[in-house]
Amino acid sequence: MLSPELWALMGRSLLETLYMVIVSTIFSYVFGLPIGLALVATDRDGIRPMPVFNKVLGFVVNILRSVPFLILAVSIIPFTRFVVGTSIGTTATIVPLVVSAAPYIARMVESSIKEVGFGVIEAAQSMGASPWQIVTKVLVPEAKPSLLVGAAISVVTILGYSAMAGFIGGGGLGTVAVNYGYNRYNFEVMMVAVVIIVILVQVLQEAGLFIARKLDKRNR
């Protein structure tokens, strides 16, 4: 059985993981949501076509999405240190989490917004709505259920990234699994950390999907 000290460590690590995931998700959407909307609006068939800008932005997003998280986290250590003053710990891990997750979220947002029927956009344009009004009052509200499903998937993805951060001293449950489980050949500690992560994934995903179903007008 795990000692009381290890259970206390698990509790603190769970709070650290939640802190990383919640803060990283918020900042990832702060950057990823506008980028995703910009990709849709400036697309060839968008409400404000800008092909060159769209291709350059899409290229940058694709590059950042293609880099594995651990490699990205190590490669931007100087930037992380510049932003938060350190490259180790839970707060420092938020920086590479945001850099890695924001492009992923941008593509998720783009996919959700493109599910909105073109007829809805045409109706808004016929009533004289500006591009900004179409995005904020038509596209986003209409795509809200899909956006929430994407948010649930994104949170789970960020949680997975935060667990991998344990290999570079990122804190949280990942660090416990690596330092106290894998490195010390303590299978029990590693399995408990994994089980907690799995439960956390299920809770976050089901909560997101439940909210999405409640807000989906098509189910009423």
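Biologist: A salt bridge here is a side-chain nitrogen of Lys or Arg within 4 Å of a carboxyl oxygen of Asp or Glu. With that in hand, and knowing that this is a predicted model, what is the N to O distance between the side chains of Arg107 and Glu110?

Modeller: Happy to start there! Both residues lie in helix H5, three residues apart, about one turn of the helix. The cut-off is 4 Å, and the side chains of Arg107 and Glu110 do meet in a salt bridge, with an N to O distance of 2.6 Å.

Biologist: Is Glu110 buried or exposed?

Modeller: Buried means under 20% relative accessible area. Glu110 has a relative accessibility of 11%, so Glu110 counts as buried.

Biologist: Which residue, besides Arg107, forms a salt bridge with Glu110?

Modeller: The closest N and O atoms of this second pair are 3.3 Å apart, and the cut-off is 4 Å. The partner has 45% relative accessibility and therefore counts as partly exposed. The residue that pairs with Glu110 in this way is Lys114.

Biologist: How far apart in sequence are the parts that the pair of Asp43 and Lys114 ties together?

Modeller: Asp43 forms a salt bridge with Lys114, their closest N and O atoms being 3.6 Å apart. Asp43 lies in the loop between H1 and H2, while Lys114 lies in the loop between H5 and H6, so the pair ties together parts whose separation in sequence is 71 residues.

Biologist: How many salt bridges does a search of the whole structure find?

Modeller: Let's collect what we have. Asp43, Arg107, Glu110 and Lys114 are linked in a network of salt bridges. For the whole structure, the search finds a total of three.

Biologist: Turning to the fold, how many helices does the chain have?

Modeller: From the N terminus on, the elements run α-α-α-α-α-α-α-α-α-α. There are zero strands in the chain, and the number of helices is 10.

Biologist: Which helix has the highest mean pLDDT among the elements of the chain?

Modeller: The chain averages a pLDDT of 87, and 97% of the residues score at least 70. At the low end is helix H9 (residues 173–182), with a mean of 82. The highest mean, 93, belongs to residues 51–66, which form helix H2.

Biologist: Which element gives the most residues to the largest nonpolar core?

Modeller: That core has 26 residues, and those touching the most other members are Ile47, Phe69, Leu97, Val109, Ile113, Ile134 and Leu139. Helices H1 (4–41), H3 (69–75), H5 (90–113), H6 (118–126), H7 (131–142) and H8 (144–164) each give two or more residues to this core. The top contributor, with seven residues, is H5.

Biologist: How many residues are in the other core, the one that includes Met10?

Modeller: In soluble globular proteins, nonpolar side chains tend to be buried together. In this chain, buried residues make up 43% of the 220 residues. Apart from the largest core lies another, with Met10, Leu159, Leu173 and Val192 among its members, and its residue count is 16.

Biologist: Which residues does Thr93 contact, leaving aside its neighbours within four places in sequence?

Modeller: Thr93 lies in helix H5. Its relative accessible area is 6%, so Thr93 is buried. Without those sequence neighbours, the residues in contact with Thr93 are Met20, Ala165 and Gly170.

Biologist: Among contacts between residues at least 6 apart in sequence, what share joins residues at least 24 apart?

Modeller: Ile134 makes a friendly example of contacts beyond four places in sequence, as it touches Ile47, Ile121, Ala124, Gln125, Ala129 and Leu139. Over the whole chain, the share of those contacts that join residues at least 24 apart is 72%.

Biologist: What accessible area does the nonpolar surface patch that includes Val203 have?

Modeller: Val203 lies in helix H10 (residues 187–215). On the surface, Val203 forms the patch with Phe187, Met191, Val194, Val195, Val198 and Ile199. The accessible surface of the chain comes to about 12100 Å², of which 69% belongs to carbon and sulfur atoms. The patch residues together have about 600 Å².

Note on methods:
Residues are numbered from 1 along each chain as its sequence is written. This is a predicted model: local features need pLDDT of at least 70, side-chain atom pairs count only at pLDDT 80 or more; totals for chains, interfaces and linings use all residues. Side-chain values use heavy atoms; hydrogens and water are left out. Patches are made of residues with over 30% relative accessible area and no salt bridge: like charges are joined within 9 Å, nonpolar side chains (Val, Leu, Ile, Met, Phe, Trp, Tyr) within 5 Å. Accessible areas come from the Shrake-Rupley method with a 1.4 Å probe; for residues, only the protein chains shown count as cover. Helices (H or I, at least four residues) and strands (E, at least two) are DSSP runs, numbered from the N terminus. A nonpolar core is a set of buried Ala, Val, Leu, Ile, Met, Phe, Trp, Tyr and Cys residues joined through side-chain atoms within 4.5 Å. Buried means under 20% relative accessible area, exposed over 50%, partly exposed in between (1.4 Å probe, protein chains only). Contact means heavy atoms within 4.5 Å. pLDDT is the predictor's confidence in each residue, from 0 to 100.
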